[in-house]
Amino acid sequence: MTRVLFVVSECAPLIKTGGLADVAGALPIALAACGDEVRTLLPGYRSVLPKLGKTKVIETYDNLFGGPAKLRACKVAGLDLLVIDAPHLFDRDGGLYGDQSGDDWPDNPERFAALSYVAAKIAKSGVGKWMPDIVHGHDWQAGLTPEYMQTLGADVPFVFTVHNIAFHGNTSGDRLIGLGLDSARFHADHFEFWGQISALKAALMGAAKITTVSQTYAEELLTPEFGMGMEGVLRHRQSDLVGIVNGIDKDIWDPATDPNITPYTTPSGKAANKKALQKTFGLGQSDGPLCVLVSRLTEQKGIDMLLAALPALLDQGGQLALLGSGDPRLEVVVLEAAETYENMSVKIGYNEALSHQMIAGGDVILVPSRFEPCGLTQLYGLRYGTLPLVALTGGLADTVINASPAALATNVATGLQFFPITTRALANAFARLGALYVQPKIWKGMQRNAMKQPVGWETSAAEFHAIYASLSKAGD
Ligand code: ADP
Ligand code: GLC
């Protein structure tokens, strides 16, 4: 049994902007089944504290980066949480990482330095009688943890998971003192990155083991195209880098018991959900496939490419139902497209229940991302017999079996992939989709294959369990 401290900036079901929260909400439970004990350290955002129920104050800080703070322990949704109640950092309107207009909070360096510093304090002294054997940080928000562990003399192995290398958590070198960092370590071997402080680099250099969320992304990260400037650092750490694909929570995403839908266990059970979904989105009946997309609206997700390729889907009777929110410019663009095309309908916003209805009612789930470290919606699609049509990149490459002639001949295909990641290749994929959709025997076979895929956490949790065990033993 290994005691693990998760350090993470979001966690489902309490607070979520993307898949990171799903991982933080589900992996500790899968690890418990392997015998490990996880406690999760999380910022006490304004919307989080009221959801905690009864909490116990287990630590107080007179001055945590500019104000007093408390550490609250509680149990929510099967998770053991340690929540940092620091009003000056986390009690505010707006988003987790930025204000209403989408600009980053100017004090983000301090906000997430606080998260990392408290993690290091726990690594050093524990909470109550509980001492972690491993500290496991996720993305740049937890990145400074090994630096503070070094300063405090906490000798606990640090594991770091890269969910998305696009975010570096960089800030000016002028903030060294304010952030309480060791200026002697402000150089390229530690957390200095082109003259700036980089929380991400601190983690990549300080981790005993680096994981990322799929094997393909682990390889892509080493290239200039996907490494986003960190490829050199990652090549340096290559021998300690491993790809472990994300799973999904199979209880929350189960078509047989999902309370948001008309439940089903075979592909034919999807029909009632499709009808309901068409109604929800104001789409009529159609002979072609109903494609759905549930996503943050950002450059990463390839929405502009999708819109350019869309006639290839709609011209053959296909339909598109899209749910998303994010970049205000992209929100306008998708709404305008929905005005133009009769068979496209859009809902802007974040809606958990509707996302389940879409995954259940769609024939196809689209994930045309330019890059995708893992991606979760294609995994939901597989489990619900909603075939993924995805770009060949990252976790999308690893979790979908493309309907190639060979895969169809051997009856193993679970979806469609397109490459290169261009409008033209996506349009070609829509043409292939149309051809498959009108062959019910093949289509049903693919749906059955999809629904049998192992998309849970079991295998991946066992890999983390083994990493923790080997590192904590090495440290004994
Ligand atoms: P990313 O983390 O890059 O956003 P993932 O595919 O890993 O991508 O995870 C996205 C998660 O957020 C999924 O659980 C998806 O269903 C959910 N999601 C994204 N946008 C919305 C939305 N508008 N409404 C409901 N759920 C959403
Ligand atoms: C990131 C990635 C996504 C991944 C998620 C959870 O947000 O963009 O691909 O699934 O993290 O690891």
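Okay, let's start right at ligand 2: one of its oxygen atoms sits 3.4 Å from a polar backbone atom of Pro 373. I'm counting that as a polar contact, meaning a pair of N or O atoms within 3.5 Å; inside the protein, one atom must be able to donate a hydrogen and the other to accept it, and residues adjacent in sequence count only if both atoms are side-chain atoms.

Some quick housekeeping. This is a predicted model, where local features need pLDDT of at least 70 and side-chain atom pairs count only at pLDDT 80 or more, while totals for chains, interfaces and linings use all residues. Residues are numbered from 1 along each chain as its sequence is written, chains are lettered from A and ligands numbered from 1 in the order in which they are written, and side-chain values use heavy atoms, with hydrogens and water left out.

Back to ligand 2. Right next door in sequence, a polar backbone atom of Cys 374 is 2.9 Å from an oxygen atom of the ligand. Then there's Glu 372, with an N or O atom of its side chain 2.5 Å from a ligand oxygen. How much of ligand 2 does the protein bury? Alone, the ligand exposes 310 Å², and 93% of that is buried by the protein. Those accessible areas come from the Shrake-Rupley method with a 1.4 Å probe, and for residues only the protein chains shown count as cover.

So who's in the shell? Here, near means that one of a residue's heavy atoms lies within 4 Å. Around ligand 2 you'll find, among others, Gly 19, Leu 20, His 163, Asn 246 and Gln 300. By type, the shell has five nonpolar residues, six polar and one charged. For that split, Ala, Val, Leu, Ile, Met, Phe, Trp, Tyr, Cys and Pro are nonpolar, Asp, Glu, Lys and Arg are charged, and the others, Gly among them, are polar.

Where does ligand 2 lie relative to the domains? It lies between domain 1 (3–247 + 457–475) and domain 2 (267–452), because both of them give residues to its shell. The domain bounds come from an automatic or database domain assignment.

Now over to ligand 1. It has 19 residues around it, and those that come nearest are Gly 19, Arg 296, Lys 301, Gly 349 and Tyr 380. A polar backbone atom of Gly 19 is 2.6 Å from an oxygen atom of this ligand. From the side chains, Lys 16 puts an N or O atom 2.9 Å from a ligand 1 oxygen, and Asp 22 has one at 3.3 Å. The protein covers 92% of the 560 Å² of accessible area that ligand 1 has on its own.

Which elements give two or more residues to that shell? They are α1 (19–33), β13 (290–297), β14 (319–326) and α14 (377–383). These labels are DSSP runs numbered from the N terminus: helices are H or I with at least four residues, strands are E with at least two. The most comes from β13, with three residues. Overall, the shell around ligand 1 splits into five nonpolar, nine polar and five charged residues. Domain 1 and domain 2 each supply at least three of the shell's residues.

That brings us to the sheets. Strands β13 and β14 sit in an open sheet of six strands, ordered β15-β14-β13-β16-β17-β18, with parallel pairing. Two strands pair if DSSP finds at least two bridges between them. At the edges, pairing on one side only, are β15 (344–348) and β18 (416–418). Between β13 and β14 there are eight bridges, and one you can look up is Leu 293 with Leu 322 in β14.

The other sheet is also open, with nine strands in the order β3-β4-β5-β2-β1-β6-β7-β11-β12 and mixed pairing. Its edge strands are β3 (56–61) and β12 (241–243). Strand β11 (residues 209–212) runs parallel to β12, joined by three bridges, and Thr 212 stands opposite Gly 243.

Last stop, the backbone oddities. Ala 12 and Pro 13 are joined by a cis peptide bond, omega about 5°, and Pro 13 is in the loop between β1 (3–7) and α1. Phe 419 and Pro 420 also have a cis bond, with omega about -5°; look for Pro 420 in the loop between β18 and α17 (423–437). And Ala 77, which isn't a glycine, has a positive phi near 50°, in the loop between β4 (69–76) and β5 (79–85).
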